[in-house]
Amino acid sequence: MTKEPWLMVRRELSSHRARWIMVGSFLLPIAMWCVFAYVPFFHGDYKLLITAERADPAMANFVDGDRVAKDYLPGYAEEVRGVNAGIVAQLEADPATTGSSRTNLKRLRRIEPLADANGWLTAEDEASTRALDLALFEVWGGLADGSLVSSAWPLSDENLEIVRANWEVMGEHEPGAPIKTPLLNLIPQGVSATPVFLPAPHECIAAAWDDFTAEPANNQPYMYERLLSSLRVVFGGFLMAAIIGLPIGVLCGSYDLFSKMVEPFTDFFRYMPAPTFSLLLVAAFGVEGAPKIALVFIGTVPHMILMIANTTRLLDRNLIEAAQTLGADRGTLMSRVIMPGIIPNVYTDLRVLLGWAWTWLVIAELIGTKTGLTAFIDTQGDRRNFDRVFPVIIMIGVIGFTTDQTLQALARVLFPWEYTQGKQSWLNAIAFWRKRPGNPREQATTPTPAAPTPSPSTAS
């Protein structure tokens, strides 16, 4: 037996193949993300684990977690080595040279990322600056004598030598006592990493868990509260658009009078960028939720009117003419022919337009007072915390996709004639609608079949 080809014009694949292709369509982008995140060949940056003060005080300092280009880190390290060489030269020229105890304290604290990554710090240590400094003092001693060995990520041999050299000075002082002899800077050290705008999947998962489980700081709303706020904006604006746009679209598709009166201006209006109305909406409705819902409405309703009108016009004209021949008036045409005939396609249009409404969410929540998921994305994006931005973006996509798939599954229940083997015609669809159970009008108008007239042979 020959296998069924994969490429067939206007023919559907088997359900087994279709299922695997659908799964692959999701797995492929995730696999590409993992490749770019975890394969060093694609990394263009270094994520700093150890930082140091710059030679020029006017230059901005880095903190642990910052990302720099790969070709920048060697120059940064050489800059710090030059500072250390100057400190060594001063001490060789005058062993009694003193420096700033505050500067030495900053250099001592540069080891904190390593201590934190290895779990060497307790909650009590981080409760106060004094306790933290005492704990870090012990970490320096443990690294110098070898009793502490990093399992998270190793210090370079060069930095281990600096740790031992600094401990020779620090060990002569009591823990927490000011140190006047200048200490050496740790050499900047990092790991190969993706750019800051492309965090690794495991970083996004960890950040998402914290955001959805931890109590927000500074009386900020919980993530589920932000989500509910965004859902109100999307579905509120879409519902208003459907209430107004759906009947207008049906009238435009059914009557040329309404089409000529409404569609030209609607077609003109839909080219106007909806965000340009943001200031007007704020002036009219305030800065809270109303202008956001109104913006989703403005961005959705023109397209809804035109799409529904076009869908209505696609109904087979022969059905309308046949109903008129049988004496159907305008009300009967609308309720018994047009609406049953277009409702499956209108339902599909509404599914598409709901996705359109989601695209206005980010812009809508930025006008007036920033609210919902967009406020979180905007704030974390400004702070370059993209590991916290990605999960929210993905969550919006998952909600939209799940909603669309649910509505599509529901369509198979609502409009079974559209999904039977060998799709039936509009005439069968309308017949299915008219003959649905419990239709008293259908039962009242269906004539009782007459008794058969006996043939002459039977009569005789």
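Helices are taken as DSSP runs of H or I with at least four residues, numbered from the N terminus. In the predicted model, one such run is helix α6, which covers residues 157-170. Glu 161 and Arg 164 both belong to helix α6 and are three residues apart, so about one helical turn separates them. Their side chains meet in a salt bridge with an N to O distance of 3.1 Å. Arg 164 is partly exposed, because its relative accessibility is 35% and the class between buried and exposed runs from 20% to 50%.

Side chains of opposite charge can pair when their charged atoms come close. A search of the whole structure gives 14 salt bridges. In one of them, Lys 47 pairs with Glu 203, and the closest N and O atoms are 3.9 Å apart. Lys 47 is located in strand β1 (residues 45-50) and Glu 203 in helix α7 (residues 201-213), so this salt bridge ties together parts that are 156 residues apart in sequence. Lys 47 and Glu 203 also belong, with Arg 67, to a network of salt bridges. The relative accessibility of Lys 47 is 26%, which counts as partly exposed. A further salt bridge joins the side chains of Lys 370 and Asp 378, at 2.6 Å from N to O. Lys 370 is partly exposed, with a relative accessible area of 45%, and Asp 378 is also partly exposed, at 22%.

A pair of aromatic rings is described by the distance of the centres and the angle of the planes. Over the whole structure, 16 aromatic pairs are found. Tyr 72 and Tyr 76 form one of these, with 6.3 Å from centre to centre and 35° between the planes, a tilted arrangement. Tyr 72 is partly exposed at 31% relative accessibility, whereas Tyr 76 is buried, with a relative accessible area of 1%. The pair of Phe 269 and Phe 277 is tilted as well, because its planes stand at 40°, with the ring centres 5.6 Å apart. Phe 277 is buried at 17% relative accessibility. Ring pairs link Phe 269 and Phe 277 with Phe 265 and Phe 268 in a cluster.

Charged side chains are also placed over aromatic rings. Arg 17 lies over the face of Trp 6, 4.1 Å from the ring centre. For Lys 70, the charged end sits over the ring of Tyr 46 at 5.9 Å from the centre.

On the surface, a nonpolar patch of about 670 Å² is made by Leu 28, Met 32, Val 35, Phe 36, Val 39, Phe 41 and Phe 42. Of these residues, Val 35 is placed in helix α1 (residues 15-38) and is partly exposed at 35% relative accessibility.

Two loop residues take part in polar interactions. Asn 118 occupies the loop between α4 (112-117) and α5 (129-145) and is buried, with a relative accessible area of 15%. A polar atom of the Asn 118 side chain lies 2.7 Å from the backbone nitrogen of Ser 151. Asp 329 is found in the loop between α12 (317-325) and α13 (330-359) and is partly exposed, at 47% relative accessible area. The side chain of Asp 329 makes a polar contact of 2.6 Å with the side chain of Thr 332. Asp 329 and Lys 3 are 326 residues apart along the chain, and their C-alpha atoms are separated by 55 Å.

Note on methods
Residues numbered from 1 in each chain as written. Predicted model: local features only at pLDDT ≥ 70, side-chain atom pairs only at ≥ 80, totals over all residues. Heavy atoms only, no water. Phe/Tyr/Trp six-rings, centres within 6.5 Å; stacked < 30°, edge-to-face > 60°. Buried < 20%, exposed > 50% of the residue type's maximum accessible area, 1.4 Å probe, protein only. Lys NZ or Arg CZ within 6 Å of the ring centre and 35° of its normal. Patch = residues over 30% accessible without salt bridge, like charges linked within 9 Å, V, L, I, M, F, W, Y side chains within 5 Å. Areas by Shrake-Rupley, 256 points an atom, 1.4 Å probe, with all protein chains shown as cover. Salt bridge = Lys/Arg side-chain N within 4 Å of Asp/Glu carboxyl O. Polar contact = N/O pair within 3.5 Å; in protein donor to acceptor, adjacent residues only side chain to side chain.
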